[in-house]
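User: I am new to this structure and would like to understand how its descriptions are justified. Please take me through the reasoning.

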Amino acid sequence: MAFDFKKEFKEFYLPKNKPEIVNVPEMNYIAVRGKGNPNEEGGAYQRAIGVLYAVAYTLKMSYKTEYKIDGFFEYVVPPLEGFWWQDNVEGEDYSDKNSFNWISVIRLPDFVTKKDFDWAVETATKKKKIDCSSAEFLTINEGLCVQIMHTGPFDDEPATVALMDSFIKESGYEKDFSKTRLHHEIYMSDARKVVPEKWKTVIRHPIKKV
């Protein structure tokens with residue numbers, strides 16, 4: 001059986017539908033940065049997703065090529081994730097999606113080095129005939145956070161975030177957003193196959209003790 005991050009690390013991918021505190025360790029990601037409405041057909045966000053998956057699957061299938069990665073084991077590609085923010089906005093303004101900044105990411109297994117990553121970007125660009133040069137090897141250490149499983153459309157997230165905000169205050173913490181600590185979403189549903197009412201999205205916010 002291929003290693004599945006969602007099953008092996010349920011505490012990071014399958015929280016309950018009520019807020020909980022989690023300490024997230026350092027992880028490496030394939031990342032593409034951009035700005036603009038994620039729903040724009042053929043827009044920057046959708047192109048970024050194409051790049052992420054091209055590199056992710058090149059690494060996943062590397063064992064079938066002449067390129068060998070030290071310590072490789074077969075695994076399921078982890079879910080798509082995103083870090084989001086808007087300039088000069090506290091929290092998120094879902095009515096103005098054009099102003100979103102984002103870093104779209106897919107987690108990398110720990111055995112993937114920067115050298116392996118560079119090979120995958122070059123190989124994916126050649127084989128899949130799309131420019132993957134926007135992909136970067138990004139290390140993120142989220143640390144102390146509150147997270148929750150949101151069920152439903154993305155536009156309904158403010159009500160779930162309000163639950164998180166109440167929990168944070170009641171638990172003696174405060175939000176700790178900064179340029180490096182951002183609103184984080186993990187997409188546990190395939191939006192192409194699941195109706196919006198049943199979409200499952202992990203929402204994670206950075207916190208600190210008051």
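User: What makes the length of helix 3 agree with the span expected of a helix?

Analyst: This is a predicted model. Helix 3 covers residues 44-60, which is 17 residues. The expected span is 1.5 Å times one less than the number of residues, so helix 3 should span 24 Å. Its end C-alpha atoms are 24 Å apart, and therefore the two values agree.

User: Which residues of helix 3 are buried, and what do they pack against?

Analyst: The buried residues include Tyr45, Ile49, Leu52, Ala54 and Thr58. The buried residues of helix 3 pack against strand 1, strand 2, strand 3, helix 4 and strand 6.

User: Why is Ser104 called buried?

Analyst: Ser104 has a relative accessible area of 1%. Buried means under 20%, so Ser104 meets the definition. Ser104 is found in strand 3. Beyond its neighbours within four places in sequence, Ser104 is in contact with several residues, among them Tyr45, Ile49 and Leu52, which are buried residues of helix 3.

User: Why does Lys128 count as partly exposed?

Analyst: The relative accessibility of Lys128 is 43%. Partly exposed lies between the buried limit of 20% and the exposed limit of 50%, so Lys128 is placed in that class.

User: Where does Lys128 lie, and which residues is Lys128 in contact with, leaving aside its neighbours within four places in sequence?

Analyst: Lys128 lies in the loop between helix 4 and strand 4. Leaving those neighbours aside, Lys128 is in contact with Ala54 and Thr58, both listed among the buried residues of helix 3.

Terms used: Residues numbered from 1 in each chain as written. Predicted model: local features only at pLDDT ≥ 70, side-chain atom pairs only at ≥ 80, totals over all residues. Heavy atoms only, no water. Helix = DSSP H or I, 4+ residues; strand = E, 2+ residues; numbered from the N terminus. Buried < 20%, exposed > 50% of the residue type's maximum accessible area, 1.4 Å probe, protein only. Contact = heavy atoms within 4.5 Å.
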